[in-house]
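Biologist: I'm new to this one. Could you pick a single part and walk me through it closely?

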Amino acid sequence: MDPINSNMGMEPEMYAMKKAIDSQSEGVMKLLESIPAPQETSSSSVSELTGIGQNLDIRA
């Protein structure tokens with residue numbers, strides 16, 4: 001743990017809040033890095049999944 005440095009110009013409460021936010025951010029980053037990246041999907045497979053765009057009839 002980092003010692004509170006009086007030269008930082010921060011009150012102890014602000015220092016504690018900043019450290020809590022930093023540690024929470026590190027946890028979120030680890031979680032995001034552990035999620036596998038989505039694979040590229042073609043537009044035809046997306047329409048198969050959603051049902052959108054399969055029977056499109058546009059008339060002017």
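Modeller: Sure, let's start at Val-28, which is partly exposed because its relative accessible area is 43%; buried would mean under 20%, exposed over 50%, and partly exposed falls in between (1.4 Å probe, protein chains only). Before going on, this is a predicted model, where local features need pLDDT of at least 70, side-chain atom pairs count only at pLDDT 80 or more, and totals for chains, interfaces and linings use all residues. Residues are numbered from 1 along each chain as its sequence is written, and side-chain values use heavy atoms, with hydrogens and water left out.

Val-28 sits in helix H1 (helices are DSSP runs of H or I, at least four residues, numbered from the N terminus). Together with Met-29, Leu-31, Leu-32 and Ile-35, Val-28 forms a nonpolar surface patch with about 480 Å² of accessible area. Patch members have over 30% relative accessible area and no salt bridge, and nonpolar side chains (Val, Leu, Ile, Met, Phe, Trp, Tyr) are joined within 5 Å; the areas come from the Shrake-Rupley method with a 1.4 Å probe, and for residues only the protein chains shown count as cover.

Helix H1 (residues 12-34) also holds Lys-18 and Asp-22, four residues apart, about one turn of the helix. Their side chains meet in a salt bridge at 3.0 Å, N to O (a side-chain nitrogen of Lys or Arg within 4 Å of a carboxyl oxygen of Asp or Glu). Lys-18 is partly exposed at 40% relative accessibility, and so is Asp-22 at 28%.

Notes
Helix = DSSP H or I, 4+ residues; strand = E, 2+ residues; numbered from the N terminus. Patch = residues over 30% accessible without salt bridge, like charges linked within 9 Å, V, L, I, M, F, W, Y side chains within 5 Å.
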